[in-house]
Amino acid sequence: MKNKLTKAELIKNINDSTGIDAVSIGIVINQMFEELKEALIDDRTIELRGFGTFEPKIRKAKVKAHNPKTGEPCSVEAHRVATFKQGQELKKALWSMRDSPSLQGSNR
């Protein structure tokens with residue numbers, strides 16, 4: 001299983017590095033997520049320079065789809081999804097990790 005960073009760990013890490021109380025950090029993070037969600041619902045693109053861009057898109061309907069659990073055929077209606085495109089700084093930071101031990105033996 002992959003490593004995860006939970007919201008609670010994120011709050012603790014910010015608290016440890018800034019000294020700002022965890023309750024205030026939690027309020028700000030929750031409000032930030034709410035603002036991001038509302039912007040996507042309002043069909044707005046969110047650009048966070050150096051990190052990436054979130055964009056709402058419409059995924060086309062599929063008449064010939066299948067349920068991955070059961071393999072049964074089904075259809076999927078057109079629906080909205082949020083996409084993410086990484087920014088240059090994030091991309092460079094991740095690419096610099098090419099020699100990471102977790103990539104050893106990876107086919108990707």
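Which residue takes a positive phi in the hairpin of strand 3 and strand 4? That would be G71, with a phi near 80 degrees, in a hairpin that leaves 6 residues between the strands. Keep in mind that this is a predicted model, and let's walk through the rest of it from the overall layout down to single residues.

**The overall layout**

The protein chain has 3 helices and 5 strands. Going along the sequence, you meet them in the pattern α-α-β-β-β-β-β-α. There are 108 residues in the chain, and 13% of them are buried. The exposed surface comes to about 9,700 Å², with carbon and sulfur atoms supplying 55% of that area. As for contacts with a separation of 6 or more, 30% of them are between residues 24 or more positions apart.

**The two helices at the start**

Before helix 1 there is a segment that holds L5. L5 counts as exposed, at 55% relative accessibility, because the cut-off for that label is over 50%. Once its neighbours within four places in sequence are set aside, L5 is in contact with L10 and N13.

Helix 1 covers residues 7-18 and helix 2 covers residues 22-41. How do their axes meet? They come within 9 Å and cross at roughly 125 degrees. That angle lies outside the ranges for roughly perpendicular (65 to 115) and roughly antiparallel (over 145), so helix 1 and helix 2 are oblique to each other. The crossing of the two is right-handed. On the helix 1 side the meeting residues are K7, L10, I11, I14, N15 and T18, and on the helix 2 side they are A22, I25, G26, I29, N30 and F33. L10 therefore turns up twice, as a contact of L5 and as one of the helix 1 residues that meet helix 2.

After helix 2, the loop to strand 1 includes D43. D43 has a positive phi of about 65 degrees, although it is not a glycine. Most residues other than glycine have a negative phi. D43 is partly exposed, with a relative accessible area of 47%.

**The sheet and the hairpin**

Which strands make up the open sheet, and in what order? It has 3 strands in the order 1-2-5, with antiparallel pairing. Strand 1 (46-48) and strand 5 (79-86) are the edges, each pairing on one side only. From one strand to the next, the twist averages 25 degrees. Strand 2, which covers residues 52-59, pairs with strand 5 over 8 bridges in the antiparallel sense.

Strand 3 (residues 62-66) and strand 4 (residues 73-76) also run antiparallel, joined by 3 bridges. This is the hairpin that holds G71. Strands of a sheet pair through backbone hydrogen bonds, either parallel or antiparallel.

Here are some of the residues that stand opposite each other:

| Residue | Opposite residue | Strand of the opposite residue |
|---|---|---|
| E55 | T83 | strand 5 |
| K62 | V76 | strand 4 |
| H66 | P73 | strand 4 |

**Two residues with distant partners**

G52 is found in strand 2. Is G52 buried or exposed? G52 is buried: its relative accessible area is 2%, and the label applies because the cut-off is under 20%. Leaving out neighbours within four places in sequence, G52 is in contact with I46, E47, F84, K85, Q86 and G87. I46 and E47 fall in strand 1 (46-48), while F84, K85 and Q86 fall in strand 5 (79-86). The C-alpha atoms of G52 and K91 are separated by 9.0 Å, although the two residues are 39 residues apart along the chain.

E89 gives the opposite reading on exposure. It sits in helix 3, which covers residues 88-95, and E89 is exposed, with a relative accessible area of 60%. How far apart are the C-alpha atoms of E89 and R49? They are separated by 8.5 Å, with the two residues 40 residues apart along the chain.

Methods
Residues are numbered from 1 along each chain as its sequence is written. This is a predicted model: local features need pLDDT of at least 70, side-chain atom pairs count only at pLDDT 80 or more; totals for chains, interfaces and linings use all residues. Side-chain values use heavy atoms; hydrogens and water are left out. Helices (H or I, at least four residues) and strands (E, at least two) are DSSP runs, numbered from the N terminus. Buried means under 20% relative accessible area, exposed over 50%, partly exposed in between (1.4 Å probe, protein chains only). Contact means heavy atoms within 4.5 Å. Accessible areas come from the Shrake-Rupley method with a 1.4 Å probe; for residues, only the protein chains shown count as cover. Two strands pair if DSSP finds at least two bridges between them. Axes are lines fitted to C-alpha atoms, for helices over the stretch in contact, and angles run from 0 to 180 degrees between N-to-C directions. Angles under 35 degrees count as roughly parallel, over 145 as roughly antiparallel, 65 to 115 as roughly perpendicular and the rest as oblique. A crossing is left-handed if the near helix is turned anticlockwise from the far one by less than a right angle, and right-handed if clockwise.
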